[in-house]
Amino acid sequence: MSRITYSPWATATTIGVVTIAAPVAVSTWAVGAAIVIAAIVVSAPAAVSAWTIPSATVRLEVVPSVPIEPFPYVEVELDGYGNGWTDVTGDCEQAFGITIRHGIQSGGPADLVAPTGTAKFVLDNSDHNEAELLGYYSPYHANKRIGWGLGIGCRIRFKDPSTGLFYARFLGRIDAIDPSPGVDGPRLVAVTATDWMDEAARFKLSTSIGEQVGKRWDEILGAILAEMPRQPLAAALDTGAETYPYALDTSSVTNQTALGEFVKLAASEFGLIYVKADGTFRAEGRHTRLLRTTYDWVLDDTELQALSMPSTRAEVINTVRVTIHPKVVDAAATTIVYDQASVITLVAGETKFLLGSFRDPVTGDPIGATDVVVPPVAGTDYIANTLPDGTGTNQTALVTVTVEVGQSGANFSITNNHSADVSLTRNQLRGRGIYDRGSQTFAAPADAVSAESIITIGEHAVEFDMPYQANDDVGRGAALYLRNKYSSAFPQARTIVVFADTADALTQMLARDISDRLTISETVTGLSNGYFINGIELQYLPSGHLQASYILAPAQDPFAGLYWILGTNVLGAG
């Protein structure tokens, strides 16, 4: 970090007051697994001479014998994507530290998809930086560093001083650069980088993804990823538990983002979608956590800096309603699923590109479509005329219409090959409409536990929507599972804060990631449960130490070691 020399030792800690009966060399004292670095006289019958202390009462200040300050590496791709990393850690201002947030930001039953993750740090923009150039990190300054700017890659790693291992904790792109102005200003640049989920939040679905008929969630996710201009570093997609008869049919081709589609797919699968610390895009199937019975880290109250465990009635869910969406599909490809609303005029030689969503010809509601007739038939599906009102000469033969069909809309390329203006008075597509008219809602059947819960605590009903599910066994199974898991009050930690005050704690904090399993016990609250990490905030503090806040999801299994298989009437052994 800027103008800071790394120290392999932690800040000294006072461990108490002791009485020394005879003179002794301080430098030889050993206290547990630590070494004395200072001895301060509290009371003594004689003066202290150099480092030899006579009979006296002293306060010992010690540091661990194993380093607990990680070495940060803030790196950027100044030479372009994939052309290597440049370390800018030397220009990072240690007083502001580094803050990294990623993962799913809550631990409830409907919290399945992570938002955009961020990393924040501050750079020295004065002439005291490594280049000794004012404005070195201002994106529009004459002294701007070559290659520095918005959109370049950013990676943050930490080296564990006790093991020598490197841990990637963030991978993304520079999203915001905010220089502090003014001659007398601090001459700093606040930098925010975002992880790959920001790409998913920006990318709009296109018709080129194609129809998604009889596909699993991992296949649909793969089709979306393939169309995105910026790919994640890697992708790990668990195989879906079942296929969906139709998907993407309710997603508008004009404004649906990939992230919005991830939310629908995760709810339909009851899986999790997030980006790991190393940049891997992860789609975690519904059975993955249920089958994880081993623990990655066991913590007790001596290792917790803070614990949030509020007990509220909102945590108890005793009525669950799950909605699935079996689709109604036309028997024949004769329905007009797209009908151009207005006349389009093209000048001689002009090509126009149109994007249109499929609509119910009766209600006008958005629908999906399959088996769309392409290419469209001239004279039937499109008609061109020399006059907009259709009374002129038919010039359909001189117009070319090509169509790219998606699940919920189509992309048109229309070219006028005539030497004069023509008007497209009709432009339609025929196919089999896909309608969301048969949604079904299932409620978990009442039992003694839920009935008592409603009497004692009051009813708390939760609605859970699975947009692409068509299997009624899945709907019933989901309702039963959620009700059984949340209908009784149980100790439920929401967040914990851990400080790397030992080498073991530091190694654990550097290694832990989303979906790692923890065991947490705390004496005062009575907590002793298993949890999965849903989200992480990692802070490299100005002191050079590491602190982590973990957002947790309960790992308790309502079926006592048996895992939930949606779509069947049985539970399989875990």
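Modeller: Happy to help! In this predicted model, a residue counts as buried when its relative accessible area is under 20%.

Biologist: Is lysine 327 buried or exposed?

Modeller: Let's apply that cut-off of under 20%. Lysine 327 has a relative accessible area of 16%, so by that cut-off lysine 327 is buried.

Biologist: Which residue forms a salt bridge with lysine 327?

Modeller: Lysine 327 sits in the loop between strand 21 and strand 22, and its partner lies 78 residues apart, in the loop between strand 16 and helix 3. That partner is itself buried, at 4% relative accessibility. The closest N and O atoms are 2.8 Å apart, and the partner is aspartate 249.

Biologist: How many residues apart in sequence are the parts that aspartate 238 and arginine 282 tie together?

Modeller: Their side chains meet in a salt bridge, at 3.0 Å from N to O. Aspartate 238 is buried at 18%, and arginine 282 counts as buried at 14%. Aspartate 238 lies in the loop between strand 15 and strand 16 and arginine 282 in strand 18, so the pair ties together parts that are 44 residues apart.

Biologist: Good to know! Now to the sheet: which strands of the order 25-29-28 stand at the edges?

Modeller: The three strands form an open, antiparallel sheet in the order 25-29-28. Strand 25 pairs with strand 29 over seven bridges, and glycine 356 stands opposite alanine 410 in strand 29. An edge strand has a single partner strand, so one side is left without a neighbour in the sheet; that describes strand 25 and strand 28.

Definitions and conventions: Residues numbered from 1 in each chain as written. Predicted model: local features only at pLDDT ≥ 70, side-chain atom pairs only at ≥ 80, totals over all residues. Heavy atoms only, no water. Pairing = 2+ DSSP bridges. Helix = DSSP H or I, 4+ residues; strand = E, 2+ residues; numbered from the N terminus. Salt bridge = Lys/Arg side-chain N within 4 Å of Asp/Glu carboxyl O. Buried < 20%, exposed > 50% of the residue type's maximum accessible area, 1.4 Å probe, protein only.
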